[in-house]
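Q: I have a protein model open on my screen. Can you walk me through how to read it, feature by feature?

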Amino acid sequence: MWFEGCWSGKGKVVNGPEYDNKMCFTKTKDKTYLFEQSFVIPASGFGLTVETGYLRIHPNKEDSSKGKAELIVCGGFGACLTHEGTYEKGKIDLNSTGIIRTSTAKQPFVTETKRRFFNSNGQLLHEMDLGSTAHEIRPHLNAQLSSCLLYTSDAADDLLCVDLGGRRIIKKKK
């Protein structure tokens, strides 16, 4: 699938900080991908959060280039969200369908999310809308990410990041 692998780039919280974003989709079995994402403010090295979960793809029988998508994701903010939606060539659209949270989850509570992943000229674009107990759903963040190649000496010479075949990304020093 077009989104498979590790991606690295910049993102921006609407009316908030810019952040370094790393995202990996690692195939675990047919139609199932481990999803991992981290957000770090570059100037301070402060980690905003880390998310992990699973993305499942269910192709249409008539046309396997499109179908249903499901994402289950948990973050360090004390909540796990389920999402359902659709995918088609170069695009995944997801809406939250359920939220569970711990008794110590931070307020205001997330009440709704929409996530979109796009392939744009070989880049992965990620947009997320968020609703909470403090406001209706609205644009929350967006990121533009570039693919990280598997480790080879050429990849190490040419890229800012290298996937060593696991989930760890090494960012090249400039």
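A: Start with the surface. This is a predicted model. The protein chain exposes about 10,100 Å². Carbon and sulfur atoms supply 52% of that exposed area.

Q: How many residues does the protein chain have, and what percentage count as buried?
A: The protein chain has 174 residues, and 36% of them count as buried. Buried here means under 20% relative accessible area.

Q: Which secondary structure elements does the protein chain contain, and in what pattern?
A: Count one helix and 12 strands. Along the sequence, the pattern reads β-β-β-β-β-β-β-β-β-β-α-β-β. Contacts add to that picture. Take those between residues at least 6 apart in sequence: 32% join residues at least 24 apart.

Q: How do I read a disulfide, and how many are in the whole structure?
A: A disulfide is a covalent bond between the sulfur atoms of two cysteines. A search of the whole structure finds two. One joins Cys 6 to Cys 24, with an S to S distance of 2.2 Å. This pair links distant parts of the chain: Cys 6 sits in strand β1 and Cys 24 in strand β2, 18 residues apart. The link has 115° about the S-S bond and is right-handed.

Q: And which cysteines form the other disulfide?
A: Cys 74 and Cys 80, with their sulfur atoms 1.9 Å apart. The torsion about their S-S bond is about 110°, so this disulfide is right-handed.

Q: Are Cys 6 and Cys 24 buried or exposed?
A: Cys 6 counts as buried because its relative accessibility is 1%. Cys 24 is at 3%, so Cys 24 counts as buried too. Now look at the other pair. Cys 74, at 29%, counts as partly exposed. Cys 80 is partly exposed, with a relative accessible area of 23%.

Q: What does Glu 4 touch, leaving out residues up to four places away in sequence?
A: Glu 4 touches Phe 25, Lys 27 and Tyr 33. Glu 4 is found in the segment before β1 (5-13). The C-alpha atoms of Glu 4 and Cys 24 are separated by 7.4 Å, though their positions lie 20 residues apart along the chain. Glu 4 is partly exposed, at 36% relative accessible area.

Q: How do I spot unusual backbone geometry?
A: Most residues other than glycine have a negative phi, and most peptide bonds are trans. Check the exceptions here. Phi of Lys 31 is near 70°, a positive value. Lys 31 is found in the loop between β2 (18-29) and β3 (32-41), and is partly exposed at 37%. Asn 121 has a positive phi of about 50°. Asn 121 is in the loop between β8 and β9, and counts as exposed because its relative accessibility is 80%.

Q: Which peptide bond is cis?
A: The one from Gln 107 to Pro 108, with omega near 0°. Pro 108 lies in the loop between β7 (91-101) and β8.

Q: How do I read a pocket?
A: Rolling a probe the size of a water molecule over the atoms shows where empty space is left. The largest pocket here has a volume of about 810 Å³. Its lining has 28 residues, and Phe 77, Lys 106, Val 110, Leu 130 and His 140 lie nearest the centre.

Q: Which element gives the most to that lining?
A: β10, with five residues.

Q: How does the lining of the largest pocket divide by residue type?
A: Into 16 nonpolar, seven polar and five charged residues.

Technical notes: Residues are numbered from 1 along each chain as its sequence is written. This is a predicted model: local features need pLDDT of at least 70, side-chain atom pairs count only at pLDDT 80 or more; totals for chains, interfaces and linings use all residues. Side-chain values use heavy atoms; hydrogens and water are left out. On a 1 Å grid over the protein atoms alone, a cavity is a set of points where a 1.4 Å probe fits but cannot get out, and a pocket is an open set with protein on both sides within 12 Å along at least five of seven lines; lining residues have an atom within 4 Å of a point. Grid points are joined across faces, edges and corners, and a volume is the space filled by probe spheres set on the points. Helices (H or I, at least four residues) and strands (E, at least two) are DSSP runs, numbered from the N terminus. Ala, Val, Leu, Ile, Met, Phe, Trp, Tyr, Cys and Pro count as nonpolar, Asp, Glu, Lys and Arg as charged, and the others, Gly among them, as polar. Buried means under 20% relative accessible area, exposed over 50%, partly exposed in between (1.4 Å probe, protein chains only). Contact means heavy atoms within 4.5 Å. Accessible areas come from the Shrake-Rupley method with a 1.4 Å probe; for residues, only the protein chains shown count as cover. A disulfide is a pair of cysteine sulfur atoms within 2.5 Å.
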